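Biologist: Before I look at the backbone here, could you walk me through the unusual spots with me?

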Amino acid sequence: MKKVILIFCLFASSLFAFEHLTVDNIDEKLKGKKVILDFYASWCPPCKIIAKNLETYSETKPDEITIYKVDIDDQRDLVSKYNVVSIPTVLYVKDGETMKLNVGLQSVDQINDNVNSYLLK
């Protein structure tokens with residue numbers, strides 16, 4: 001039972017490891033930055049895996065990369081604005097412009113490859 005609680009706590013904590021964006025602050029937060037934008041839901045098991053992978057990636061990411069999260073249940077306007085139709089969805093955004101949109105699970109290596117291909121070139 002203790003293992004189950006520990007695993008749940010690890011997954012739950014990873015959902016809140018990064019700043020959450022809202023319709024009110026997203027433009028300001030994306031302007032002039034290289035961003036990984038994670039659209040997720042707290043009830044979505046694959047989203048928890050992506051959250052953990054992003055947390056792992058953040059330990060070695062370049063300083064100029066910022067990771068933000070968007071809760072699809074709370075930010076329906078952003079879901080519409082970015083045409084998110086399935087979760088997990090990860091956007092790679094440079095200076096406010098979406099460079100790449102990925103739907104589904106991504107490994108830490110895939111996240112790193114996408115950052116190198118779309119945000120650091």
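Biologist: Which residue is the bridge partner of Tyr-92 in E5?

Modeller: This is a predicted model, in which local features need pLDDT of at least 70, side-chain atom pairs count only at pLDDT 80 or more, and totals for chains, interfaces and linings use all residues. Residues are numbered from 1 along each chain as its sequence is written, and side-chain values use heavy atoms, with hydrogens and water left out. Strands (E, at least two residues) and helices (H or I, at least four) are DSSP runs numbered from the N terminus, and two strands pair if DSSP finds at least two bridges between them. E4 and E5 run antiparallel and are joined by 6 bridges, and the partner of Tyr-92 in E5 is Lys-100.

Biologist: What is the phi of Asp-95 in the turn of the hairpin?

Modeller: The hairpin of E4 and E5 has 2 residues between its strands, and Asp-95 lies in that loop, ahead of strand E5 (97–103). Asp-95 is exposed (over 50% relative accessible area; buried is under 20%, partly exposed in between, with a 1.4 Å probe and protein chains only), at a value of 52%. Most residues other than glycine have a negative phi. Asp-95, which is not a glycine, has a positive phi of about 50 degrees.

Biologist: Which residue does a cis peptide bond join to Ile-87?

Modeller: Most peptide bonds are trans. Here the bond has an omega of about 0 degrees, and the loop concerned runs between helix H4 (76–81) and strand E4 (89–94). The residue joined to Ile-87 is Pro-88.
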